Amino acid sequence: MTIAIAHCRAQLGIEAPAVAIETHLSNGLPAFNLVGMAETAVRESKERVRSALLNSGFEFPSNRITVSLAPGDLPKEGTRYDLAIALSILAASGQIPLAALSRFEAVAELALTGALRPVRGIMPAARACLLAQRFIVLAPAAQTEAQLVRQLRVLPAADLSALCQHLKGITPLEWAAAPAPATDRSHAGEADLSDVAGQFLARRALEVAAAGGHNLLLSGPPGTGKTMLASRLPSLLPPLEDEEAYEVAAIHSVAGAPRQEQDWQRAPYRSPHHTCSAPALVGGGSLPRPGEVSLAHRGVLFLDELPEFGRRVLDVLREPLETGRVSIARAARSVEFPARFQLVAAMNPCPCGFWGDPGNACRCTPEMVRHYRAKVSGPLLDRIDLQIEVTRERHWLRAANGEPPESSALVRSRTMAARQRQLSRQAKSNHELGAGELKHHAPMNEAAASFLARAFDHYRLNPRSYHRVVKLARTIADLAVEDVLREEHISEALSLRRLEISAAATVGNPR
Ligand SMILES: [Zn+2]
């Protein structure tokens, strides 16, 4: 009895569990059975494999063919098993050497002609393949993506017959050339903070956000540069570590939009439109794909016109904001995607946009303003440490007279040093500190404590706000390379929660 085993990879979230394709030929009426929780697209691969074999000049065995996809309890979807199934049948029927199959994994769809086609999710499969100490065989179009996994040997093959000639040792295929060593291009060609003149409060808010990992809300009339500011946050973040870069690349690979080599260490930036649906934001589909929150993993998610997003859409944001993950429940097996992003949200102060704008008259009634602001729920605002107003200022005048604005590289040198302080002190960012941890990691002197107490009485703020202000002050002190929080750190932290403070000061009267 001959059993041939070819190796492939399933796709489950951003994992790529091993799948062994075992083929057994037995006597009996000709039949082709596929077993092992194969979903529709996999069952259809029988037809593709049969045509591909015949059109590549091979024989399709006239025995009883049983192909088992193991482990049997793992759901298998998509067309990624085609090539491994074909190779397993060829080896079982003695048309290619059996021993060759143990050294590689094959992940590709087959065209009826026998040509190899690329599939989604190559990156996780390639990574797992390296750990299993095998090389990978795939379609030439998938080669660049697999090569992002350094040290992996990649064998691109145009079609089944060329691959089999190689495996039989007749005409060797060419291995993909090893990529050039990585250079840090995480910030090359990025939107730079030096383009933003004036806007001192907003620039400082970006710096504090980048240093402490805090979420940020920008409120202000149209045309004040909120989008321009948000798009500059990635330029203040450190380059991705290798492990983070793999994780990010795996998510984008599974989504069907592989990252380019030059983006490898770059923090992602995503800005979905406010008409985006809940599944588009957090992920979904019968074969679950990651949503915008996961595509922004280790980077920035920018939501412009926050109150315009659907209520349900904003509600589903809470899980990833709290846990850094999204889980998508499915009948077969639920799937998780990482979603640890920094949120930057922007909103107009009122429906027409000009509430509080000295240059334009607002046409909204107080009731309209209240209703508009109420769309952004308390639990969501609770996750946003920095809340500031962006005003229209004559920044072109300031830019003409004053110092040139600092560049992203200069600000980044401070934010990265502040991040390092946090990591060595508490092994996480200030944004992630729990209320109980603040006492220990954010000590303050007496003057700071009494100033904070007075401010809270004066503005009638709630206890949750207390912790947010202390967290912000912790980051501000880290930027100043100081261990103990002082009054000026507290005072600046309060100024970076201006929206909440002005809301508390004008209860019942938005004007
Ligand atoms: Zn208005």
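In this predicted model, Arg 421 is partly exposed, with a relative accessibility of 22%. A good place to start is with the partner of this residue. Arg 421 forms a salt bridge with Asp 483, and the closest N and O atoms of the pair are 2.9 Å apart. Arg 421 belongs to helix H17, whereas Asp 483 sits in the loop between helix H20 (463-479) and H21, so the contact ties together parts that are 62 residues apart in sequence. Asp 483 itself is exposed, its relative accessible area being 54%.

This pair is part of a wider set of charged contacts, as the structure holds 27 salt bridges. Another of them joins Glu 207 to Arg 414, with 2.7 Å between the closest N and O atoms. Here too, distant parts of the chain are linked: Glu 207 lies in helix H7 (residues 200-212) and Arg 414 in helix H17 (residues 408-426), 207 residues apart. The two partners sit in different surroundings: Glu 207 is buried at 6% relative accessibility, while Arg 414 is partly exposed at 28%. Arg 414 also forms a salt bridge with Glu 406, where the closest N and O atoms are again 2.7 Å apart. Glu 406 is partly exposed, with a relative accessible area of 30%. Which residues make up the network of salt bridges around these contacts? The linked residues are Arg 204, Glu 207, Glu 406, Arg 414 and Glu 492.

Helix H21 (residues 487-495) comes next. The buried residues of this helix are His 489, Ile 490, Ala 493 and Leu 494. These residues cover an arc of only 135° around the axis, and therefore they lie on the same side of H21.

The cysteines offer another view of the model. Four of them hold the zinc ion: the sulfur (SG) atoms of Cys 350, Cys 352, Cys 362 and Cys 364 are its protein donors, at 2.2 to 2.4 Å. Along the chain, these donors follow the spacing C-x1-C-x9-C-x1-C. The angles among the four donor atoms run from 107 to 112°, and the site is tetrahedral. Cys 350 is buried, with a relative accessibility of 0%, and both Cys 362 and Cys 364 are buried as well.

How many disulfides does the model contain? The count comes to zero. A disulfide is a covalent bond between the sulfur atoms of two cysteines. Cys 164 shows why distance matters here: its closest cysteine sulfur, in Cys 8, is 15 Å away, which is too far for a bond. Cys 164 is buried, at 1% relative accessible area.

Finally, the strands deserve a look. Strands of a sheet pair through backbone hydrogen bonds, either parallel or antiparallel. In this model, five strands form an open sheet in the order S11-S12-S15-S10-S16, and the pairing is parallel. Strand S11 (269-270) and strand S16 (386-389) are the edge strands, each pairing on one side only. S11 runs parallel to strand S12 (residues 300-303), and two bridges join them. Within this pair of strands, Arg 270 stands opposite Leu 301 in S12.

Conventions. Residues numbered from 1 in each chain as written. Predicted model: local features only at pLDDT ≥ 70, side-chain atom pairs only at ≥ 80, totals over all residues. Heavy atoms only, no water. Donors = N, O, S within 2.8 Å, 3.2 Å for Na, K, Ca; no water. Tetrahedral: all angles 85-135°; square planar, octahedral: opposite > 155°, others 65-115°. Buried < 20%, exposed > 50% of the residue type's maximum accessible area, 1.4 Å probe, protein only. Disulfide = S-S within 2.5 Å. Pairing = 2+ DSSP bridges. Helix = DSSP H or I, 4+ residues; strand = E, 2+ residues; numbered from the N terminus. Arc of directions from axis to C-beta. Salt bridge = Lys/Arg side-chain N within 4 Å of Asp/Glu carboxyl O.
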